[in-house]
Amino acid sequence: MGGISIWQILIILAIVLLLFGTKRLRNIGGDLGEAIKGFKQSMQSASQTEKSDTDDSTESKKDTPGS
């Protein structure tokens, strides 16, 4: 009674398909995929930048006399 059944999901999907059409949904899916890909790439580059920054800071601590 509280959950969504498979039939309700199928009816919702059918209504969405009728409203937007297959071509438009395909374009939306492609745009969403490109956005996710761009987000992943930016997260990886940020992670690599952060890693190189921490490597640089540990190397500079090793180079300083008296540490």
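Here a trainee and a mentor talk through a predicted model of a protein.

Trainee: Let's start with the overall picture. How many helices and strands does the protein have?

Mentor: Two helices and zero strands. Helix α1 covers residues 6-20, and helix α2 covers residues 22-63.

Trainee: How do you know that the span of α1 agrees with what a helix should give?

Mentor: You count 1.5 Å for one less than the number of residues. For the 15 residues of α1 that should make 21 Å, and the end C-alpha atoms are 21 Å apart, so the two agree.

Trainee: And what follows α1?

Mentor: G21, whose phi is positive, near 85°.

Trainee: What share of the protein counts as buried?

Mentor: Of its 67 residues, 0% do. The protein exposes about 6,300 Å², and carbon and sulfur atoms supply 63% of that.

Trainee: Why is E34 called exposed, while K37 is called partly exposed?

Mentor: Exposed means over 50% relative accessible area, and partly exposed lies between 20% and that cut-off. E34 is at 51%, so E34 counts as exposed. K37 has 45%, so K37 is partly exposed.

Trainee: What makes the contact of E34 and K37 a salt bridge?

Mentor: The cut-off is 4 Å from a side-chain nitrogen of Lys or Arg to a carboxyl oxygen of Asp or Glu. The side chains of E34 and K37 meet at 3.9 Å, N to O, and a search of the whole structure finds one salt bridge.

Trainee: Where do E34 and K37 lie?

Mentor: Both are in helix α2, three residues apart, about one turn of the helix. An α-helix has 3.6 residues a turn, so residues three or four places apart point the same way.

Trainee: What does the side chain of S52 reach?

Mentor: The backbone oxygen of T49, at 2.9 Å. A polar contact needs N or O atoms within 3.5 Å. S52 is found in helix α2 and, at 31% relative accessible area, is partly exposed.

Trainee: Which residues form the nonpolar patch on the surface?

Mentor: I4, I6, W7, I9, L10 and L13, with about 670 Å² of accessible area together.

Trainee: Why can L10 be in a patch?

Mentor: Patch residues need over 30% relative accessible area, and L10 has 42%, so L10 passes that cut-off.

Methods
Residues are numbered from 1 along each chain as its sequence is written. This is a predicted model: local features need pLDDT of at least 70, side-chain atom pairs count only at pLDDT 80 or more; totals for chains, interfaces and linings use all residues. Side-chain values use heavy atoms; hydrogens and water are left out. Patches are made of residues with over 30% relative accessible area and no salt bridge: like charges are joined within 9 Å, nonpolar side chains (Val, Leu, Ile, Met, Phe, Trp, Tyr) within 5 Å. Accessible areas come from the Shrake-Rupley method with a 1.4 Å probe; for residues, only the protein chains shown count as cover. Helices (H or I, at least four residues) and strands (E, at least two) are DSSP runs, numbered from the N terminus. Buried means under 20% relative accessible area, exposed over 50%, partly exposed in between (1.4 Å probe, protein chains only). A polar contact is a pair of N or O atoms within 3.5 Å; within protein, one must be able to donate a hydrogen and the other to accept it, and residues adjacent in sequence count only if both atoms are side-chain atoms.
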